[in-house]
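Please look at how two helices pack in this protein, and at two residues with an uncommon backbone angle.

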Amino acid sequence: MSFQLQTHRNNDAVTVECCGKLTFEHTPQLRNKVRSLMPDEKRIILDLKEVPFMDSSGLGVLVTLYVSCRSRNCKLELVNVSPALRSLLGMTNLLSLFEQAGRYGGKFP
């Protein structure tokens, strides 16, 4: 299964829709996309509705992007995180970094 990214501009944010498994092979694609958006954005939303699985590399890239965004005065948010991925984020004590991560099926703020 391939991993695809689509970006959409909202009023005050850019949404990056992720589709596919976020694993070692695909983390550079997500990292590069989000890093290319950071200089011009104050808010980046990762929509994980179509991400059925994430491995440790996926978790690592989320943390890396969170730190990079924060150091550039940009906010990184997760939305539409499945219960399984939310549980994974909780087990690794990363859930608190991403305030919106509990909004499975929720609308963008």
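The report below covers a helix pair, the burial of one helix, and two asparagines.

This is a predicted model, where local features need pLDDT of at least 70, side-chain atom pairs count only at pLDDT 80 or more, and totals for chains, interfaces and linings use all residues. Residues are numbered from 1 along each chain as its sequence is written, and side-chain values use heavy atoms, leaving out hydrogens and water.

**The helix pair.** Helix 1 (residues 27–37) and helix 2 (residues 56–71) have axes that come within 10 Å and cross at roughly 15°. That makes the two helices roughly parallel (angles under 35 degrees). Contact means heavy atoms within 4.5 Å. Helix 1 brings T27, L30, R31, V34 and R35 to the contact, and helix 2 brings S57, G58, V61, T64, L65, S68 and C69. By class, these are five nonpolar, five polar and two charged residues.

**Helix 2.** Its 16 residues should span 22 Å at 1.5 Å a residue; the end C-alpha atoms of helix 2 are 23 Å apart, which agrees. Buried means under 20% relative accessible area, exposed over 50%. The buried residues of helix 2 include L59, L62 and Y66. Its buried residues pack against helix 1, strand 3 (43–50), strand 4 (75–79) and helix 3 (83–91).

**Two positive phi angles.** Most residues other than glycine have a negative phi. N73 has a positive one, and so does N93.

| Residue | Phi | Location | Relative accessible area |
|---|---|---|---|
| N73 | near 60° | loop between helix 2 and strand 4 | 57%, exposed |
| N93 | near 60° | segment after helix 3 | 64%, exposed |

Notes:
Axes fitted to C-alpha atoms, helices over the stretch in contact; angles between N-to-C directions. Helix = DSSP H or I, 4+ residues; strand = E, 2+ residues; numbered from the N terminus. Parallel < 35°, antiparallel > 145°, perpendicular 65-115°, else oblique. Nonpolar A, V, L, I, M, F, W, Y, C, P; charged D, E, K, R; others polar. Expected span 1.5 Å × (residues − 1). Buried < 20%, exposed > 50% of the residue type's maximum accessible area, 1.4 Å probe, protein only.
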